Amino acid sequence: MHKQLFLFSSILIILFCMPAKAQLQDTRHNFSVGVNGGVNLSKVSFNPNIKQGYQIGPSVGLTARYISEKYFKMICGIQAELNYSQRGWNEIIEDESSDTYHRTMNYIELPLLAHLAFGKDRGRGVRFIVNLGPQIGYLIGEKETKSSPWHPEMRPNGITEQYGKKAENKFDYGIIGGGGLEVRTNIGHFILEGRYYFGLSDFFHSSKKDYFSRSAHSFIGGRLTYLFDIRK
């Protein structure tokens, strides 16, 4: 099921970005590049479940966008990014100890997004934008932080398998989407966007013999992107 969702979003990207001469209203060749930065509020979907709060971490990277056409009032294109992103989880420990635990996991990410925009067509102005598509990532480092003293034997749910257990699958993939506002000026484009990522892969082994049947990332992200035109 997870692979089917990932394949569906990939096909969506292709359909939006394929030339369709019979449908084109106004062909464009607008290419822009720039930088992005923001913050992730992340959790991990575990089965058996682990109660969590959000883990807060940074996200920074490079963005490239190509606008290919305007179809009726919808401006269509494709956007690719190369990002450094920090994820993880922050446990809510409900026992008589004063233990605290969180883990940070650092990824290099590559989203490939269908880009849709509505609003000001050319020149200065404001657009509403939507981005949606698949994302792959690779784990480059992780760190767990726990309190001292440490009392895992006091957990009422008995779930302690995650402590000291390193990620077993470094490759990550999922679906990411979001929307926001783009302000177009004479010196470039400023984009404020919110996103949600739903992970389809597990970073712990998840066969029938393994303890966790699911260990997948999700996060809510906020970011600011600056783009300047290479070709208008």
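Four strands, namely S1 (26–47), S7 (171–185), S8 (188–199) and S9 (214–231), each contribute at least two residues to the lining of the largest pocket. I should say at once that we are looking at a predicted model. The space in that pocket amounts to about 350 Å³. Its lining consists of 18 residues, and those nearest the centre are Gly 123, Arg 184, His 189, Asp 229 and Lys 232. By class, the lining of the largest pocket holds 8 charged, 6 polar and 4 nonpolar residues.

The structure also has an enclosed space to consider. How many cavities of 30 Å³ or more does the structure hold? The count is 1. The largest cavity encloses about 30 Å³ of space. Around the largest cavity stand Tyr 107, Asn 169, Phe 171, Asp 172, Ser 201, Asp 202, Phe 203 and His 217. The lining of this cavity is made up of 3 nonpolar, 3 polar and 2 charged residues.

Let me now turn to the chain as a whole. Its secondary structure comprises 1 helix and 9 strands, and along the sequence these elements appear in the order α-β-β-β-β-β-β-β-β-β. Of the 232 residues in the chain, 44% are buried. Among contacts with a separation of 6 or more, 73% involve residues 24 or more positions apart. The accessible surface of the chain is about 12100 Å², and carbon and sulfur atoms account for 62% of that area.

I continue with strand pairing, beginning at the N-terminal side. S1 runs antiparallel to strand S3, residues 55–71, and 15 bridges join the two. Within this pair, Val 35 lies opposite Leu 62 in S3. S3 in turn is joined to strand S4, residues 74–91, by 12 bridges, again in the antiparallel sense. Here Ser 59 faces Ser 85 of S4. S3 and S4 form a hairpin with 2 residues between the strands, and in it Phe 72 adopts a positive phi near 55°.

Further along the chain, strand S5, residues 101–119, pairs with strand S6, residues 125–146, through 17 bridges in the antiparallel sense. For Arg 103, the bridge partner in S6 is Glu 144. S6 also pairs with S7, over 14 bridges and likewise antiparallel. In that pairing, Val 130 has Gly 179 of S7 as its bridge partner. S7, as noted for the pocket, is one of the strands that supply at least two lining residues. As a general remark for those inspecting these strands, side chains in a regular strand alternate between the two faces of the sheet.

Two individual residues deserve a closer look, and I take Ser 45 to begin with. Ser 45 belongs to strand S1. Is Ser 45 buried, exposed or partly exposed? Its relative accessible area is 32%, so Ser 45 counts as partly exposed, since that value falls between the 20% and 50% limits. Leaving aside residues up to four places away in sequence, Ser 45 touches Arg 214, Ser 215 and Ala 216. Ser 45 and Arg 214 are 169 residues apart along the chain, yet their C-alpha atoms are separated by 6.6 Å.

The other residue is Gly 53, located in strand S2, which covers residues 52–53. Why is Gly 53 classed as buried? Gly 53 is buried because its relative accessible area is 19%, and the class requires a value under 20%. With residues up to four places away in sequence excluded, the contacts of Gly 53 are Ser 42, Lys 43, Asn 90 and Ile 92. The C-alpha atoms of Gly 53 and Ser 42 lie 8.5 Å apart, for a sequence separation of 11 residues.

I close with the backbone, specifically with cis peptide bonds. Asn 47 and Pro 48 are joined by a cis peptide bond, with omega of about 5°. Pro 48 sits in the loop between S1 and S2. The bond from Ser 148 to Pro 149 is also cis, and its omega is near 10°. Pro 149 is placed in the loop between S6 and S7.

Conventions:
Residues numbered from 1 in each chain as written. Predicted model: local features only at pLDDT ≥ 70, side-chain atom pairs only at ≥ 80, totals over all residues. Heavy atoms only, no water. 1 Å grid on protein atoms, 1.4 Å probe; cavity = no way out; pocket = protein on both sides within 12 Å on 5 of 7 lines; lining within 4 Å. Points joined across faces, edges and corners; volume = space filled by probe spheres on them. Nonpolar A, V, L, I, M, F, W, Y, C, P; charged D, E, K, R; others polar. Buried < 20%, exposed > 50% of the residue type's maximum accessible area, 1.4 Å probe, protein only. Contact = heavy atoms within 4.5 Å. Areas by Shrake-Rupley, 256 points an atom, 1.4 Å probe, with all protein chains shown as cover. Pairing = 2+ DSSP bridges.
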